[in-house]
Structure formats: structure tokens, C-alpha cells
Amino acid sequence: VIWNVETGQAICGEPAANDSAFCCSFSNTSDFTLVTAGKYNFRVWKFEPDSRKIRPTDVKLGQLKRIFNCVAITNDDSTIYAGTQSGDILQISLQHTLFQRQGPNNCKKPFSMGVQSIILTKDNKQLIAGAGNGVVALLDIKNLNIIRKIQFEGAQNKPNNDNKGLKLRAMKKVGTNINPSVTSIVLNAAGDHFFVGTNKSTIYLVAIDDFDYELRNSAHYNKINDIAFPYGYSDLFVTAGINDIRVWNSKNRNELLRINVPGLECSCVIISKDGKAIISGWNDGKVRAFYPESGKLMYTVHDCHAKGVTAVALSSDGTRLVTGGNDSLVRIWQLTKDLDTDKITSKMISSLREHQNAISYVTINNDDTEFVTSSTDGSCVTWDLQKCTRINALFASTQFSCVIYHPDQSQLITTGTDRQISYWDATDLSQIRIVNGSDKAQINKLSINSDGTRFVSCSEDRIVKLWYYDEGCVHSIGLAHSGNITSCKISPNNQKIVSVGDEGAICIWKMPQDSTDNDENSNVNQ
């Protein structure tokens with residue numbers, strides 16, 4: 001379908017082919033010529049604006065059958081270069097709609113997992129291609145031979161002894177053994193560098209002359225489950241998701257550390273009060289603690305919960321760890337540090353069964369005497385941390401997703417699938433207030449600022465809301481996420497709000513001032 005950009009109206013349309021078309025491109029010298037390519041089809045179209053028709057011409061490929069992923073057209077519109085799912089590149093004459101040659105010719109195998117993106121250099125003398133296995137190559141358009149190539153985060157390559165007469169640069173390898181797919185390539189304005197985007201949410205800047213590279217940006221490429229700030233420090237925060245835990249600089253939004261645990265999902269993460277450990281709960285039922293500087297494993301608590309750890313909390317002195325799991329159990333662990341070896345050992349001192357369903361959240365009060373757990377069975381239970389006994393419980397017709405203490409420890413705040421935010425007296429667990437937190441979706445997490453005047457909520461309707469605590473009304477809302485928001489936190493200095501979602505996005509919001517009018521959107525840096 002061809003559209004008028006000014007009016008937004010469709011001018012004309014035509015079936016692209018008998019099967020799917022995956023890419024299209026206008027020619028560079030004419031507004032009335034375009035190319036489409038896809039599954040076993042390659043067509044050149046002539047657009048007739050007066051009669052509102054587009055007429056196709058099939059490209060003559062002979063015996064070749066290919067699935068085309070991308071196309072690039074030279075500046076003079078003489079030649080089309082097309083990348084295929086088979087891993088080769090075809091050169092086609094645009095004027096004659098005729099296949100000319102196939103490459104690359106100076107390597108034994110074509111690009112593994114297909115050519116996913118292709119562009120021409122600024123002088124149109126060379127071609128840059130990105131493959132599904134993370135390889136980016138520079139090719140000569142005269143013969144489609146590879147000049148040099150680089151592999152991002154791919155597996156180690158064996159040295160190639162067969163390229164004595166090819167004068168190829170040795171393949172460089174960047175990153176870890178994750179093997180991303182190149183999704184896009186674009187030249188910079190000067191034409192001497194190009195950006196490479198991958199499906200692992202990384203962006204690299206590569207020099208054309210020597211393929212020197214630098215990582216420009218990175219992000220989660222899968223669901224993020226939790227976020228944590230260090231105690232009293234707002235310039236760093238930690239996110240936990242599928243396969244990894246990452247440490248971020250909140251000022252420049254750079255990734256500082258990545259802790260990979262392949263094949264597993266981190267459900268919850270906290271940072272010890274002294275900042276010396278990142279403690280995380282995983283879906284294999286283990287709690288793993290890491291050093292925040294190096295990312296090395298500090299200790300592991302094996303067999304915490306049979307069906308995965310869903311919530312963790314640590315006392316201020318770091319000696320007692322409270323965990324909750326999908327098995328509905330709450331367990332308290334004694335952590336002991338060996339003075340000679342500095343190794344930390346764990347010992348379970350109590351296993352508590354009061355809940356009937358998964359534990360969604362655990363939080364400990366300021367003086368380490370009590371803690372409270374919330375569960376999807378519709379109950380929250382307060383416990384004595386020293387005696388390891390139940391103190392009291394509250395019940396509601398909801399599946400609780402979060403419970404937090406007010407900073408003065410006098411009240412509890414809960415939320416869940418009933419879309420309501422409830423205030424409770426921390427002593428007798430009597431209900432004080434109910435606030436409607438969302439109109440159509442469950443609320444996933446709450447976070448309150450240090451003086452207890454404001455708190456923030458995030459929900460599955462993709463909205464972050466900032467509330468006045470005493471008034472129980474919304475101060476500001478934030479719209480940026482494209483998926484369900486799984487967690488949010490207010491920074492210790494009360495200047496920022498960070499929210500994470502299952503689409504892999506991390507949104508850093510500026511905390512609005514009191515002078516901001518109600519319901520005004522917050523400023524967002526993403």
C-alpha cells in the first residue's frame with residue numbers, strides 16, 4: 001500500500017506477491033520506483049500516480065529460490081543488493097530486473113542464520129552485512145568478496161589456515177558466549193563509522209577502516225522482575241531478570257556490571273545494608289549472593305524452596321535472611337561469616353507454614369524485630385524475627401502482590417489483584433483506609449519515600465502513579481512502558497523513580513516537585 005504522507009490517506013494498493021513480503025525500498029532517484037522482496041519473491045514496482053496503480057515486474061532469478069530479508073540500492077539505482085535467509089547476498093540489476101552474481105565467494109560457508117541487515121557505504125564501493133549469528137562483514141561490491149568481519153558475542157572461532165591468499169583480517173570476537181542476531185545497521189553522518197543493533201539489546205559503534213568497536217548502549221532483552229537501590233545511595237541500582245542481574249549508573253544510564261546465570265530466572269533482588277552483597281532469589285530454588293564490584297559468587301543457599309524463590313529480605317546486620325517461595329513456605333536463615341576465610345555459611349533456623357499459596361513479598365522493619373510477608377492466598381502475616389513465630393495476620397479478598405512498612409513503622413501498605421491500595425495499623429492490623437489504585441489492572445509493586453509523604457505504584461495497565469500518602473490522591477502519572485510494569489522504586493535521595501517492565505525497559509523518572517499540578521506527566525529519561 002502506498003500512502004500520502006501529508007494527508008495520511010492510502011493512494012493505492014496491490015498484493016505484494018503470492019507469499020509474504022519482508023522488506024521494501026524506494027529507489028534513490030525516482031519517487032515512482034520501488035522494490036519488494038520476501039518469501040520466494042522479488043519484484044520491482046512502477047507507481048503511476050495519475051491512474052493510482054502500481055505495476056510489478058518479477059526479477060529473473062533463474063533457478064535460484066531464496067527467502068529475502070533485506071535490500072540495499074546503490075545511489076545511481078543501477079544495482080540492488082539483497083540479503084537472504086540462506087546466508088548469501090545476491091546482486092541484481094534494477095534496470096534490467098536480472099540476477100547478476102552471488103556472494104560471498106571467498107569463504108567456504110555463507111553467513112550463518114541468514115543475512116538480516118545490509119547497507120552500502122557512503123561512497124557505494126563497499127557493502128556492510130549483518131548476520132543472524134552476530135557476524136558483521138565488509139564486502140567489496142565488485143566481486144562480493146569479504147574484506148574483513150567481526151563477530152559480536154559469538155562462540156570462539158577456530159583459526160582459519162585456509163585464507164593465505166585472501167588477505168583477510170582475523171575475525172574479532174566481542175563479548176560473551178550469548179550469540180546475538182544483528183537486527184539493524186546504520187551509517188553515521190560522516191560515513192566513517194556505523195552502528196550495529198542486536199536482538200540482545202546492545203548497540204555497537206564500529207569503524208569501517210579497521211572494525212575497531214565500542215559498546216555504545218545495552219539493555220535487558222527480556223523480562224525484568226525486580227529492582228533494588230543500595231542503602232542511602234542513589235547513583236546506582238540493580239535490576240534482575242531472565243538470565244542475568246545488572247548494575248546500572250542512574251546518572252548516565254550505563255551498564256556497569258552484568259552477572260550471567262544462563263538458563264535461569266531471577267525473581268527478586270536486594271542489596272545488603274553495608275553494600276557488600278547483592279542477594280538474589282532464583283527459580284531453581286536457590287539464593288545466590290554476589291560481590292557487587294566483580295560479580296563473583298559470594299555464597300549460595302541451596303534448596304531454599306522447592307518451586308523457586310520469590311521473595312528475599314535481609315536484616316540490617318546481615319546475619320538473618322528471610323526467604324519466601326512458590327511452595328508457600330517462609331524460611332529464616334542464619335548467615336555466619338568465618339573470620340579466617342571470610343566465607344559465609346548459611347543454616348536454616350526456622351521454616352514457617354502459615355500461607356497457602358506463593359509468597360509475593362517479604363519486608364523487615366527498621367529495628368530487625370519483626371517482618372511481614374504477603375501471599376497470593378489473600379493474607380499478610382507479621383512475624384517475630386528473633387523468636388521465629390507468628391504475631392498476627394490480616395486477610396482480604398485479593399491476591400496480595402506487595403506489602404511495605406511506612407517509614408515510622410506505624411502502618412503497613414498493601415496492594416494486589418483487587419486494584420486497591422490499603423493502609424493497615426501495624427500493631428493490630430486493623431484496616432485504616434482503602435484507595436482505588438487502578439481502574440482496570442492489578443497493581444504489582446509499591447515503594448514509599450524516606451519521609452513517608454509520597455509513595456509510588458506500578459500496575460499492569462502500564463502506568464506509574466505517584467501518590468500523596470496522607471491525602472491518598474494521585475500527584476502525577478507516568479506513561480512510557482509498552483508492557484506490564486513489574487516493579488518500581490524511589491531512590492534513597494527522593495529525586496528519582498525507577499520502574500521496570502516485562503518488555504525489558506528501564507524507565508528513570510524525575511521526581512516532580514510539590515508545585516507540579518496533579519495528574520501532570522513526570523519527565524522521563526529512558
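**Legends to close-up views of a predicted all-strand chain**

**Figure 1. Overview of the protein chain, which holds zero helices and 45 strands.** The structure shown is a predicted model. Along the principal axes, the C-alpha atoms occupy a box of roughly 85 × 60 × 40 Å. The protein chain has 526 residues, and 52% of them are buried. Its exposed surface comes to about 24600 Å², with 45% of that area supplied by carbon and sulfur atoms. When contacts between residues at least 6 apart in sequence are considered, 41% of them link residues at least 24 apart. The chain carries 54 positive and 55 negative charges, and the mean positions of these two sets lie 10 Å apart.

**Figure 2. Confidence of the prediction along the protein chain, where the average pLDDT is 88.** A score of at least 70 is reached by 93% of the residues. One stretch with pLDDT below 50 covers residues 154–177. In the model, this stretch makes 43 contacts beyond near neighbours in sequence. Another stretch with pLDDT below 50 covers residues 516–526. For residues 516–526, the model shows 35 contacts beyond near neighbours in sequence.

**Figure 3. Surroundings of R454 in strand β39.** Strand β39 comprises residues 454–459. R454 counts as buried because its relative accessibility is 9%, and the cut-off for a buried residue is under 20%. A polar atom of the R454 side chain lies 2.6 Å from the backbone oxygen of P512. P512 also appears among the contacts of R454 outside its neighbours within four places in sequence, together with M511, Q513 and D514. Further residues in contact with R454 include I448 and N449, the residues L466, W467, Y468 and Y469, and also H475 and I490.

**Figure 4. V456, a second residue of strand β39.** V456 has a relative accessible area of 0% and is therefore buried. Residues up to four places away in sequence being left out, V456 touches K445, L446 and S447, as well as V464, K465 and L466. The remaining residues that V456 touches are C488, I490 and I497. L466 and I490 are also among the residues in contact with R454. For orientation within the chain, I146 is 310 residues from V456 in sequence, and the C-alpha atoms of these residues are separated by 54 Å.

**Figure 5. D31 in the loop between β3 and β4.** Strand β3 spans 21–26 and strand β4 spans 33–38. With a relative accessible area of 60%, D31 is exposed, since exposed residues are those over 50%. Beyond residues up to four places away in sequence, D31 touches F26 and F47. F47 is 16 residues from D31 along the chain, and the C-alpha atoms of D31 and F47 are 8.1 Å apart.

**Figure 6. The cis peptide bond from G103 to P104.** The omega angle of this bond is near 0°. P104 belongs to the loop that joins β10 (98–103) and β11 (115–120).

**Figure 7. S328, a residue with positive phi in the loop between β27 and β28.** The flanking strands are β27, at 320–325, and β28, at 330–337. S328 has a phi of about 70°, although it is not a glycine. The relative accessible area of S328 is 5%, so this loop residue is buried.

**Figure 8. N494, another non-glycine residue with positive phi.** The phi of N494 is about 60°. N494 sits in the loop between β42 (485–490) and β43 (496–501).

**Figure 9. T376 in the loop between β31 and β32.** The loop follows strand β31 (370–375) and leads to strand β32 (379–384). T376 is partly exposed, because its relative accessible area is 24%, which falls between the cut-offs of 20% and 50%. Neighbours within four places in sequence aside, T376 is in contact with N357, A358, Q399 and F400. A72 is 304 residues from T376 in sequence, and their C-alpha atoms are 53 Å apart in space.

Definitions and conventions: Residues are numbered from 1 along each chain as its sequence is written. This is a predicted model: local features need pLDDT of at least 70, side-chain atom pairs count only at pLDDT 80 or more; totals for chains, interfaces and linings use all residues. Side-chain values use heavy atoms; hydrogens and water are left out. Helices (H or I, at least four residues) and strands (E, at least two) are DSSP runs, numbered from the N terminus. Buried means under 20% relative accessible area, exposed over 50%, partly exposed in between (1.4 Å probe, protein chains only). Contact means heavy atoms within 4.5 Å. Accessible areas come from the Shrake-Rupley method with a 1.4 Å probe; for residues, only the protein chains shown count as cover. Lys and Arg count as positive and Asp and Glu as negative; His and the chain ends are not counted. The place of a charge is taken as NZ of Lys, CZ of Arg, CG of Asp or CD of Glu. pLDDT is the predictor's confidence in each residue, from 0 to 100. A polar contact is a pair of N or O atoms within 3.5 Å; within protein, one must be able to donate a hydrogen and the other to accept it, and residues adjacent in sequence count only if both atoms are side-chain atoms.
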